[in-house]
Structure formats: structure tokens, C-alpha cells
Amino acid sequence: MKDTPLSNCERDFLLKAIEEKKRLDGRQTYDYRKIKISFGTDYGCCFVDLGQTRVMAQVSCELVAPKESRPNEGIMNDCRWGFVPKRQNVLL
């Protein structure tokens, strides 16, 4: 991915924020947002709330028995994952 250069105003703003130990949302360096993790009704589904950000994640995988020649080496087939950020106009 190609880096996008910052304008002088953006650079000055970020340097001042770092110097004052402030984040863009006003939190101090070691302040954190409230986190909440809840599990959905489907197996492998969870919701993560971090401040005002909400994410739904779904994970699925098929476990396959190991070959007889390698009994300690199982396989995970067709592993999938994904996440969907909450849109502003959609309530989950």
C-alpha cells in the first residue's frame, strides 16, 4: 500500500497531540474505552463493543481427522472468518 503524505497542518496537529499526550478523541495516553464482549446465538459468533464502535465477528472451521500415518497432525479445512462493522443507520 502506498503511503499518503500528511499536509503541514495534519503533521503539526499530530505532533502537538503527541506532545500533549492526547488522542484525537480527547483521551489521555493510557485512557481506554469501555469494552464489552458478548456471544451471539450462533456458534462462533460474537459482538465486540469498544466505546461507540460495535463489531460482529463470525468464525467457522471444519476439523478433519488426522491421517493414520500422522496421528498427531490434524487438519483444519475451509476456515473462514469475517467481520461486519455496524453502519450508522443499522441497529443490531
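Helices (H or I, at least four residues) and strands (E, at least two) are DSSP runs, numbered from the N terminus. The model is predicted: local features need pLDDT of at least 70, side-chain atom pairs count only at pLDDT 80 or more, and totals for chains, interfaces and linings use all residues. Residues are numbered from 1 along each chain as its sequence is written, and side-chain values use heavy atoms, with hydrogens and water left out.

**Exercise 1. Elements and confidence**

Task: state the order of the elements along the chain, and find which element has the lowest mean pLDDT.

Solution.
- Step 1. The chain holds one helix and four strands.
- Step 2. Read from the N terminus, the order is α-β-β-β-β.
- Step 3. pLDDT is the predictor's confidence in each residue, from 0 to 100. Its average over the chain is 78, and 79% of the residues score at least 70.
- Step 4. Strand S4 (residues 75-85) has the lowest mean pLDDT among the elements, 65, while S1 has the highest, 92.
- Step 5. Where pLDDT is low, the predicted coordinates should not be read in detail.

**Exercise 2. Strand pairing**

Task: determine how S1 pairs with S2 and how S2 pairs with S3, then describe the two hairpins.

Solution.
- Step 1. The criterion is that two strands pair if DSSP finds at least two bridges between them.
- Step 2. S1 and strand S2 (residues 45-50) run antiparallel and are joined by five bridges. Within this pair, phenylalanine 39 stands opposite cysteine 46 of S2.
- Step 3. The hairpin of S1 and S2 has five residues between the strands, and glycine 44 takes a positive phi near 90° there.
- Step 4. S2 also pairs with strand S3 (residues 53-64), in the antiparallel sense and over six bridges. Here cysteine 45 stands opposite glutamine 58 of S3.
- Step 5. Two residues lie between the strands in the hairpin of S2 and S3, where glycine 51 has a positive phi near 65°.
- Step 6. Threonine 53 is a residue of strand S3. Its C-alpha is 9.8 Å from that of arginine 33, the two being 20 residues apart in sequence.

**Exercise 3. Cysteines in S2**

Task: count the disulfides and explain the result for cysteine 45.

Solution.
- Step 1. A disulfide is taken as a pair of cysteine sulfur atoms within 2.5 Å.
- Step 2. With this rule the count is zero.
- Step 3. Cysteine 45 forms no such bond because the closest cysteine sulfur, in cysteine 46, is 6.6 Å away, too far for a bond. Cysteine 46 is likewise in no disulfide.
- Step 4. For exposure, buried means under 20% relative accessible area, exposed over 50%, and partly exposed in between (1.4 Å probe, protein chains only). Cysteine 45 is buried at 8%, and cysteine 46 is buried at 18%.
- Step 5. Of the 92 residues of the chain, 7% count as buried.

**Exercise 4. Salt bridges**

Task: list the salt bridges of the structure and classify the exposure of each partner.

Solution.
- Step 1. A salt bridge is a side-chain nitrogen of Lys or Arg within 4 Å of a carboxyl oxygen of Asp or Glu. The search over the whole structure gives three.
- Step 2. Arginine 11 meets aspartate 12 at 3.7 Å, N to O. Arginine 11 is partly exposed at 45%, and aspartate 12 is partly exposed at 46%.
- Step 3. Arginine 54 and aspartate 49 form a salt bridge with their closest N and O atoms 3.2 Å apart. Arginine 54 is partly exposed at 21%, whereas aspartate 49 is buried at 17%.
- Step 4. Arginine 70 meets glutamate 73 at 3.3 Å, N to O. Arginine 70 is partly exposed at 49%, and glutamate 73 is partly exposed at 46%.

**Exercise 5. A nonpolar patch**

Task: identify the residues of the nonpolar surface patch and place leucine 24 in the chain.

Solution.
- Step 1. Patches are made of residues with over 30% relative accessible area and no salt bridge; like charges are joined within 9 Å and nonpolar side chains (Val, Leu, Ile, Met, Phe, Trp, Tyr) within 5 Å.
- Step 2. Leu6, Phe13, Leu14 and Leu24 make up the patch, with about 420 Å² of accessible area together. Such areas come from the Shrake-Rupley method with a 1.4 Å probe, and for residues only the protein chains shown count as cover.
- Step 3. Leucine 24 sits in the loop between helix H1 (8-19) and strand S1 (35-39). Leucine 24 is exposed, at 65% relative accessible area.
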